[in-house]
Amino acid sequence: AEKLHAARPDKYPDPNHKPEMALALTPFEGMCGFRPAQDIASFFENVPELCKVVGEDTSSAFCSAAKSAGTDANSSKLVQEGLKDCFRGLMHSDEALVKSCLECLCNRLQKTPGSEDLDCSQLASLLLRVNDQFPGDVGCFVIYFLNVIHLLPGQAMFLGPNIPHAYLSGDCVECMACSDNVVRAGLTPKFKDKENLCSMLDYSMAPAGSRIFPSTPGKTAATRVYDPPVPDFSVSSSRISPSSEENLDQINGPSIYIVTAGSALLSAKDMQEPLTIKRGSVLFAAAGSEVSVKATGTEDVLLFRAYCC
């Protein structure tokens with residue numbers, strides 16, 4: 001982040017890193033982190049258009065490395081280097097070639113959806129959808145590289161520094177470190193910085209399930225805590241049933257609250273009278289504040305809290 005800011009302050013306005021967390025409010029679809037090597041190799045073997053845009057020799061070399069890889073660190077490094085070559089080949093592929101291959105692939109999938117071996121009926125639908133939204137965009141091919149994550153309401157995914165990701169559909173609460181930096185390469189009308197993205201990415205590979213970030217119980221049954229491995233922020237969610245009251249944890253840092261459902265009265269030790277809050281309300285609480293929330297409507301109150309200690 002510091003190097004990007006120094007080189008292009010017009011595009012990267014601060015020197016801060018930007019870990020993020022997305023907490024699903026509705027069924028949510030996104031992409032996060034690279035798929036396991038064997039999955040990517042399977043796509044290379046079954047999607048000729050993908051091999052063409054990446055490069056036949058590059059994709060073949062990756063498949064060979066993935067098949068022969070052992071469990072030692074050196075083998076893992078070789079496979080990651082091969083993946084980096086493949087991803088760079090995709091990102092720098094000729095635009096006319098990308099559009100031509102996408103057109104061929106979309107036509108083929110419309111005629112024979114789900115013809116490939118690995119969860120391709122869902123991926124066929126996704127490819128057609130993203131190509132409809134971003135016609136001919138190189139990012140459409142990224143679905144064969146990245147894990148497609150499906151979250152249910154209340155589930156989350158943590159996006160660590162340099163982990164490639166994209167949001168595809170659904171609503172979420174997003175919390176991130178204090179930064180406006182985004183390095184993009186596809187599925188966007190905004191500035192694309194392909195070379196910097198390819199150079200900085202974390203090319204570790206893992207199954208989709210490992211990207212779903214777990215929550216832990218709060219001090220009461222109404223609250224769940226999402227505590228990522230960064231010092232910048234943590235998030236809690238509290239679901240408060242009608243007529244119930246929740247005393248929120250007192251912490252040593254400031255908090256930002258957002259209400260996404262329901263209505264309630266919020267009270268704090270230094271407030272003269274309760275404050276009415278409802279869906280869309282956003283509040284700031286200073287460090288050490290003693291806050292309680294009493295639901296007043298007929299539906300559950302869903303309250304998210306971002307904080308640091």
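This passage describes strand pairing, salt bridges and the surroundings of one loop residue in a predicted model.

An open sheet is built from three strands in the order E3-E2-E5, with antiparallel pairing. Strand E3 (146-151) and strand E5 (165-169) form its edges, each pairing on one side only. On average, neighbouring strands of this sheet are turned by 25° against each other, direction ignored. Strand E2, which spans residues 28-34, is joined to E3 by five bridges, and the two strands run antiparallel. Within this pairing, Phe28 of the chain is positioned opposite Leu151 in E3.

A second set of pairings involves strand E12 (residues 255-261). This strand is mostly covered, five of its seven residues being buried. Strand E12 runs antiparallel to strand E15 (residues 282-285), to which four bridges join it. Strand E12 also runs antiparallel to strand E17 (residues 301-307), and here the number of bridges is six. Ile258 has a partner in both of these strands: Val282 stands opposite Ile258 in E15, and Phe304 is its bridge partner in E17.

Four salt bridges were counted in the model. One of them is formed by Glu29 and Arg129, whose closest N and O atoms are 2.9 Å apart. This pair links distant parts of the chain, since Glu29 belongs to strand E2 and Arg129 to helix H7 (residues 120-133), 100 residues apart. Glu29 counts as buried because its relative accessibility is 9%, under the 20% limit. Arg129, in contrast, is partly exposed, with a relative accessible area of 31%. The strand that carries Glu29 is thus the one that is joined to E3 by five bridges.

Another salt bridge is formed between Arg108 and Glu49, with a distance of 2.8 Å between the closest N and O atoms. Distant parts of the chain are again linked: Arg108 lies in helix H6 (residues 95-111) and Glu49 in helix H3 (residues 48-54), 59 residues apart. Arg108 is partly exposed, with a relative accessible area of 22%. Glu49, at 10% relative accessibility, counts as buried.

A further salt bridge brings together the side chains of Asp300 and Arg239, at 3.7 Å from N to O. Asp300 is placed in the loop between strand E16 (291-295) and E17, and Arg239 in strand E10 (residues 234-240), so the salt bridge ties together parts that are 61 residues apart in sequence. Both residues are partly exposed: the relative accessibility is 26% for Asp300 and 46% for Arg239.

The surroundings of Asp300 extend beyond this salt bridge. Leaving aside residues up to four places away in sequence, Asp300 touches Arg239, Ile240, Ser241, Pro242, Ala261 and Gly262. Of these contacts, Arg239 is the salt-bridge partner. Gly262 is 38 residues from Asp300 in sequence, yet the C-alpha atoms of the two residues are 5.5 Å apart in space. The contact list also includes Ala261, and residue 261 is the end of the range given for strand E12. The loop that holds Asp300 lies between E16 and E17, and E17 is joined to E12 by six bridges.

Methods: Residues are numbered from 1 along each chain as its sequence is written. This is a predicted model: local features need pLDDT of at least 70, side-chain atom pairs count only at pLDDT 80 or more; totals for chains, interfaces and linings use all residues. Side-chain values use heavy atoms; hydrogens and water are left out. Buried means under 20% relative accessible area, exposed over 50%, partly exposed in between (1.4 Å probe, protein chains only). Two strands pair if DSSP finds at least two bridges between them. Axes are lines fitted to C-alpha atoms, for helices over the stretch in contact, and angles run from 0 to 180 degrees between N-to-C directions. Contact means heavy atoms within 4.5 Å.
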